[in-house]
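The following exercises are to be worked with the sequence and the coordinates at hand. Each task is followed by a solution in steps.

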Amino acid sequence: MDSLNELRAARPRIAWSSTRQSHVKEIVMTQIDSPEPKAPSARPQSNSTRVAENSYQNNPDDRDRRSSSRRLAFLAVAASIVVGFGLVGASTFNRTASNQTAQPDNEQTDTASDDVGLDSSTAEIDDTATGPRRAEQAEVVLGKMSDYFDERVNDVIDWSRTSEIRQAADANYPQAEEIQGMSIVEIESRFASNKTLDLSGQSSAFLLSLIEGQTIPRLNGEPGEEPPVYAEVFFTEKNGYVIGATGDTSDFVQSDEEWWTVAMNDGIFIGNLDFDESAGVLAIDVAVRIDDENGQPLGVIKTSIDGSIFASFADEFATEDVDVLAVSATGVLLADTASDHQFVGQDASMQPILDVAQGMAFNAAKSDGKRSDFGTFEKSLTGYATTPDPRSLQYRDVVGEQPGWLVFVEGPAES
Amino acid sequence: MAGGKYLDELWARSAAGDVESFNTLFDELSADIFRFARYRLTSDSEADDVVAETFLYLWKGRVERPDNDVSVRAWAFGIASNLVKRRWRSGARADRALTRLSAFTEIERISADEASDLVSSIESRARVRNVRIALDRLPPAMTDILVMRAWDEMEYGEIAYVLDCPIGTVRSRLARARDRLKTEISKIEREPNGHTGHVPGDSSNTMRFP
């Protein structure tokens, strides 16, 4: 039998009782019929809690379901906060705990707080020391990430100015003349077995010498497991034909790639942080135009910078109680110590990967223009820091959106 | 399982503000979401929460839906998947380790009951047990995609949406996972004294998920 069919046959049967299903449905439909919840500082929607209570009040043995009612009512409010990070303004990420203090409106909701952990919302939390410290820690992690990235981009710029690269890009290659006037398909076919112009291999060897031994340290990694800082490096001459590469490139002709045209026109291209499926790592494409001493374009050098070091930066600051999470400006999860970085590379902005507090911090960072701040939600206190503009590092004179990131440091408010 | 087109029609009406259609959509889809969550979380209560949150997200997101080109079923699975992950993260914060799927007692009890109906021989029962053991020995990502396909009955496109990868990648990953599962089953069957590891569905153990 096919293994998938065997697996189907081995499927555990799950029973969701109609009573339970109806109960959950009642909670959902009550919530969507209610006016939009306005702020997390409010108690769980008392109306829905009462409805849920009433639906079970004749069944005193069903304590589990009553507890579930309260929790679901709270989750409904929380869900409405995080969706799109836009339904509730930045002001809901409370700057101080006193702002989120809410008065219990009846005995039932007071009891509900026992189940959902709302007790702290009625107490004054002394965040005067811990809050700024969390924000400062977020700034430090953010600074390390930005400095690291800046250094790597400078590396590529330096490479583009080496005499070896310039000479190789400016050299005359007989094969390049032979393929003039041919279509890209024909050229690719001709260079299918060796996708470089420099048949001596010297250019590729030089590139390898530039990146040799550069690996990303792992705090808890086994020796030999460190990934390379640069996933690959290669460069082209002015027509986009590859001259040398540290590994196999997918194509010989690169002039039809966006990074190539942008770099040739603007001098530099910096891509978004993206998850490289084949390598299983986060990477940022960086391409720099190779100019001669007079500023005349000779070609383009391109590399992919491995972004997994962000996880190491986050690990340095995480403790037993405090977690560090980083998200790119485009919403890609860069580091998450709480899950040992299991979900890195996933979209955190459109789906509820972020915790409620982090979601609100994300919203606050995007809307209030502050580069660093902190706030409380429930029992957690979150400090955050962002690049100058979450949408941009404003890297040199590069036009358009550039990578940016936000760092959250989250932990208990009372520590 | 309700047809995707029917669900999408319900969703279209829901998105226009028709609460009754959303009510029907809940009836048609919620059990699938519950099972998806229940396979991956430790209790019925948690799975209940995921269902409720998923539908609230759907409702709240009806105006500015991020992915209009995918079915509502795939979108709902995507939301539920992320909610499950968020719970794993919360679990990790508590004990510095990912929460793993509990081999819940209720499932085991039901499985035992159904054994007399569905698994009529000792050999077949052993085979089911071996398949579950083999599943648990796979890398978590392989376990997840196999469960999505075989237990959650998700289409390739739905899995691709949830995993955020092309359908071709889903096919190749599934093929590798199936081969690996087959290999593991063979290994277990060759083990002289049976397995010594965890049995998914055994309440004393837990099942690994990413």
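**Exercise 1. The hairpin of chain A**

Determine in which sense strand 1 and strand 2 of chain A pair, and over how many bridges.

Solution. The model is a predicted one. Begin with the two segments: strand 1 of chain A covers residues 230–237, and strand 2 of chain A covers residues 242–245. Their pairing is antiparallel and extends over three bridges. Next, take one residue as a check on the register: Phe235(A) has Gly244(A), in strand 2 of chain A, as its bridge partner. Finally, turn to the connection, where four residues lie between the strands of this hairpin. Gly240(A) adopts a positive phi there, near 95 degrees.

**Exercise 2. The surroundings of Pro297(A)**

Locate Pro297(A) in the secondary structure, and decide whether this residue is buried, partly exposed or exposed.

Solution. Pro297(A) belongs to strand 6 of chain A, which comprises residues 297–306. For the second part, the relative accessibility of Pro297(A) is 32%. Buried requires a value under 20% and exposed one over 50%, so Pro297(A), at 32%, is classed as partly exposed. Now list the contacts, disregarding neighbours within four places in sequence: Pro297(A) touches Lys238(A), Met264(A), Arg289(A), Ile290(A) and Asp291(A). As a last step, consider Glu237(A), which is 60 residues away along the chain from Pro297(A); the two C-alpha atoms are 8.9 Å apart.

**Exercise 3. A helix pair between chains A and B**

Describe the packing of helix 2 of chain A with helix 3 of chain B: what are the angle, the axis separation and the handedness?

Solution. Helix 2 of chain A spans residues 18–33, and helix 3 of chain B spans residues 44–60. The helices pack at about 30 degrees, and their axes are 10 Å apart. The crossing is right-handed. On the side of chain A, the contact involves Arg20(A), Val24(A), Val28(A), Gln31(A) and Ile32(A). On the side of chain B, the participants include Val51(B), Phe55(B), Leu56(B) and Trp59(B). Sorted by class, this contact comprises eight nonpolar, two polar and three charged residues.

**Exercise 4. Chain B as a whole**

State how many helices and strands chain B contains, and give their order along the sequence.

Solution. Chain B has nine helices and two strands. Their order is α-α-α-α-β-α-α-α-α-α-β. For burial, 53% of the 210 residues of chain B are counted as buried. The accessible surface amounts to about 8700 Å², with 47% of this belonging to carbon and sulfur atoms.

Notes:
Residues are numbered from 1 along each chain as its sequence is written. Chains are lettered from A and ligands numbered from 1 in the order in which they are written. This is a predicted model: local features need pLDDT of at least 70, side-chain atom pairs count only at pLDDT 80 or more; totals for chains, interfaces and linings use all residues. Side-chain values use heavy atoms; hydrogens and water are left out. Buried means under 20% relative accessible area, exposed over 50%, partly exposed in between (1.4 Å probe, protein chains only). Axes are lines fitted to C-alpha atoms, for helices over the stretch in contact, and angles run from 0 to 180 degrees between N-to-C directions. A crossing is left-handed if the near helix is turned anticlockwise from the far one by less than a right angle, and right-handed if clockwise. Contact means heavy atoms within 4.5 Å. Ala, Val, Leu, Ile, Met, Phe, Trp, Tyr, Cys and Pro count as nonpolar, Asp, Glu, Lys and Arg as charged, and the others, Gly among them, as polar. Accessible areas come from the Shrake-Rupley method with a 1.4 Å probe; for residues, only the protein chains shown count as cover. Two strands pair if DSSP finds at least two bridges between them.
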